[in-house]
Amino acid sequence: MSSDLAADVAAELAALRRRVDVLESQDRIRRLRNSFHDFVNTDRWAEIGRLFTEDAELDYDYLGRASGRAAVGEFFAAIPRLLPADAGAPFVRQFVHGHSVEVDGDAGDTATGTSHLFATPIYHGTSFLFSGRFADTYARVDGEWLFASVTLEIWYSVPLAEGWATGERHRMSL
């Protein structure tokens with residue numbers, strides 16, 4: 001094999017490895033986002049913190065912020081106390097869609113993504129509609145993809161019976 005051909009094959013192999021890594025990373029990141037919502041939907045609030053990096057940042061719009069894995073974990077672990085429902089435990093069901101992921105950098109150890117949220121919580125005995133958009137950054141730490149930051153832009157959080165047509169589109173608080 002000529003040295004030019006060997007160099008071409010090596011370059012093509014490197015490019016294919018990078019493409020496979022990007023595709024596998026996108027899949028793992030989508031599974032990370034899905035795990036987050038599965039933990040919410042199955043009332044596993046205390047497990048959410050482990051999905052974040054040690055220095056993670058969380059910005060949940062007017063609902064609150066947290067810095068660091070421990071604080072993010074505490075933020076979510078507190079939700080059962082802060083989001084009461086008639087039966088004692090919070091009832092939140094979230095549906096995420098439109099998740100796009102872009103793997104960044106030559107090393108491919110960081111990424112960004114956006115997704116859309118529709119949720120149907122019970123808040124103080126009232127059925128609510130909740131929607132917004134997540135803007136995330138991700139980091140690969142020891143081979144595992146984690147949230148480095150999560151920013152939620154809340155479009156509306158309103159009682160089902162009232163809807164979001166009024167000027168007051170944010171009616172929940174934690």
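**Aromatic rings and an inner cavity**

1. This predicted model holds 12 aromatic pairs. Rings of Phe, Tyr and Trp (its six-membered ring) pair if their centres lie within 6.5 Å; planes under 30 degrees apart count as stacked, over 60 as edge-to-face and the rest as tilted. Take Tyr156 and Trp164: the ring centres are 4.4 Å apart and the planes meet at 10°, so this pair is stacked.

2. How buried or exposed is each partner of that pair? Tyr156 is buried, with 13% relative accessibility, while Trp164 is partly exposed at 40%. Here, buried means under 20% relative accessible area, exposed over 50%, and partly exposed in between (1.4 Å probe, protein chains only).

3. Have a look at the cluster that ring pairs build from Phe36, Phe52, Tyr60, Phe75, Phe76, Phe134, Tyr138 and Phe147. Arg33 has its charged end over the ring of Phe36, 5.1 Å from the centre, and also over the ring of Phe134, 3.9 Å from the centre. A charge sits over a ring if NZ of Lys or CZ of Arg is within 6 Å of the ring centre and within 35 degrees of the ring normal.

4. Tyr60 is also among the residues nearest the centre of the largest cavity, together with Leu63, Ile79, Leu83 and Gln94. A cavity is a set of points, on a 1 Å grid over the protein atoms alone, where a 1.4 Å probe fits but cannot get out.

5. A note on reading this: residues are numbered from 1 along each chain as its sequence is written, and side-chain values use heavy atoms, with hydrogens and water left out. Local features need pLDDT of at least 70, side-chain atom pairs count only at pLDDT 80 or more, and totals for chains, interfaces and linings use all residues.

How values were computed: 1 Å grid on protein atoms, 1.4 Å probe; cavity = no way out; pocket = protein on both sides within 12 Å on 5 of 7 lines; lining within 4 Å.
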